[in-house]
Amino acid sequence: MTDADITATTTDWQAWQASWDRQQEWYLPDREERFRIMLDMVEATVGTAPRVLDLACGTGTITARLLARFPDATSTGVDLDPALLAIAEGTFAGDDRVGLVTADLKDPDWPAKLPYDSYDAVLTATALHWLHREPLADLYGRVAGLLRTGGVFMNADHMIDESTPRINAAERAQRHARMEQAREPGVLGWTEWWQFAAKDPVLAGPTARRYEIYGDHADGDMPSVQWHARVLREKGFGEARPVWCSPSDTLLLAMK
């Protein structure tokens, strides 16, 4: 199925999920690898029936992979984006293992909206770089408060080492060159995907609302792995280190 298969009248949520995946994979060709390692570490640390908080869940990408691998898991997805949450709600409708919460992660009271006081794992990917350092540090403290002792937090995201500018520039140039080579007809980029969603009768309203919230794209920070690990320890985690990395991204695991 290609993006062209999603018509102006569709409510095929799996088609929207597939379209979102293609758009994201164009930017992140190793996207599934980071999810695999993330779930490997969930199993290694908290088992195969965890209660998970899918932080900044978007369309529920992590939740879908979590439940496919661990059918006895449960997941709470939290996000503010009305359009991506609409896709998640359509995808998981009727699945009592999944709950979805609309909340702003910059609001200090967002944990009060969750159905549980404690989680085994909090997972997120390619989302928290939308936050600047101060609200991100505050968020890490709230995440620590939601995890049981021995619980884990994993964040897969862009983490840039500012001490290596020439390496960073070379990596970025190669990544963008490969993106241009890999782009296939029918695969939508970020802006085009949102333009497409805005034409759908079901997603048009939620998409308009998300632009009121975010604009075209939020302008956050991408601090180094060392910054994330240090702040996580300061905010209540006993251990924190990378468990996977690519030339541009890192999956960091912190244990309560």
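W20 is buried, with a relative accessible area of 7%. That makes it a handy way into this predicted model, because W20 also has an aromatic partner: its ring and that of W194 have centres 6.3 Å apart and planes at 75°, which makes the pair edge-to-face. W20 belongs to helix α1 and W194 to helix α7, so the two rings tie together parts of the chain that are 174 residues apart in sequence. W194 is buried as well, at 0% relative accessibility.

**The aromatic pairs**

How many aromatic pairs turn up in a search of the whole structure? There are 14. Another one that joins α1 to α7 is W16 with F196: W16 sits in helix α1 (residues 13-27) and F196 in helix α7 (residues 190-198), 180 residues apart. Their ring centres are 5.9 Å apart and the planes meet at 50°, so this pair is tilted. W16 counts as buried, at 1% relative accessibility, whereas F196 is partly exposed, with a relative accessible area of 25%.

Here are the two pairs side by side:

| Pair | Distance between ring centres | Angle between planes | Geometry |
|---|---|---|---|
| W16 and F196 | 5.9 Å | 50° | tilted |
| W20 and W194 | 6.3 Å | 75° | edge-to-face |

These four residues are part of one aromatic cluster, made up of W16, W20, W130, W190, W193, W194, F196, Y211 and Y214.

Aromatic rings also meet charges in this model. The charged end of R51 sits over the ring of Y116, 3.8 Å from its centre. Likewise, R133 has its charged end over the ring of W227, at 6.0 Å from the ring centre.

**Helix α5 and its surroundings**

Now for α5, which covers residues 133-146. With 14 residues at 1.5 Å each, this helix should span 20 Å, and its end C-alpha atoms are indeed 20 Å apart, so expectation and model agree. Which α5 residues are buried? They are L136, A137, L139, Y140, V143, A144 and L146. What do they pack against? Their partners are the strands β1 (51-55), β4 (119-125) and β5 (147-158), plus helix α9 (225-234).

Look at α9 from its own side and you find V225, W227, H228, A229, V231 and L232 buried. So W227, the ring under the charged end of R133, is among the buried residues of α9. The buried residues of α9 pack against α5 and β5, and also against β6 (239-245) and β7 (249-255). Just after this helix, G236 takes a positive phi of about 120°.

**The nonpolar cores**

In soluble globular proteins, nonpolar side chains tend to be buried together. In this model the largest nonpolar core has 33 residues, and those that touch the most other members are L53, L55, W110, L128, L139 and F153. Elements giving two or more residues to the core are β1, β4, α5, β5, α9 and β7. Which element gives the most? It's α5, with seven residues.

Take L53 as a close-up. Leaving out neighbours within four places in sequence, L53 is in contact with T76, V78, W110, L114, Y119, A121, V122, L123 and L146. Of these, L146 is one of the buried residues of α5. Apart from this core lies another, of 24 residues, with V42, V46, L66 and M154 among them.

**Two more residues to click on**

P206 is in helix α8 (residues 204-214) and is buried, with a relative accessible area of 10%. Beyond neighbours within four places in sequence, P206 is in contact with P82, A83 and A86. The C-alpha atoms of P206 and L188 are separated by 19 Å, with their positions 18 residues apart along the chain.

Is R166 buried or exposed? R166, in helix α6 (residues 165-182), is exposed, with a relative accessible area of 77%. Its C-alpha atom and that of T61, 105 residues apart along the chain, are separated by 33 Å.

**How confident is the prediction?**

The average pLDDT of the protein is 93, and 95% of the residues score at least 70. Residues 1-10 are where the pLDDT is below 50; beyond near neighbours in sequence, this stretch has 22 contacts in the model.

Note on methods
Residues are numbered from 1 along each chain as its sequence is written. This is a predicted model: local features need pLDDT of at least 70, side-chain atom pairs count only at pLDDT 80 or more; totals for chains, interfaces and linings use all residues. Side-chain values use heavy atoms; hydrogens and water are left out. Helices (H or I, at least four residues) and strands (E, at least two) are DSSP runs, numbered from the N terminus. The expected span of a helix is 1.5 Å times one less than its number of residues. Buried means under 20% relative accessible area, exposed over 50%, partly exposed in between (1.4 Å probe, protein chains only). Contact means heavy atoms within 4.5 Å. pLDDT is the predictor's confidence in each residue, from 0 to 100. Rings of Phe, Tyr and Trp (its six-membered ring) pair if their centres lie within 6.5 Å; planes under 30 degrees apart count as stacked, over 60 as edge-to-face and the rest as tilted. A charge sits over a ring if NZ of Lys or CZ of Arg is within 6 Å of the ring centre and within 35 degrees of the ring normal. A nonpolar core is a set of buried Ala, Val, Leu, Ile, Met, Phe, Trp, Tyr and Cys residues joined through side-chain atoms within 4.5 Å.
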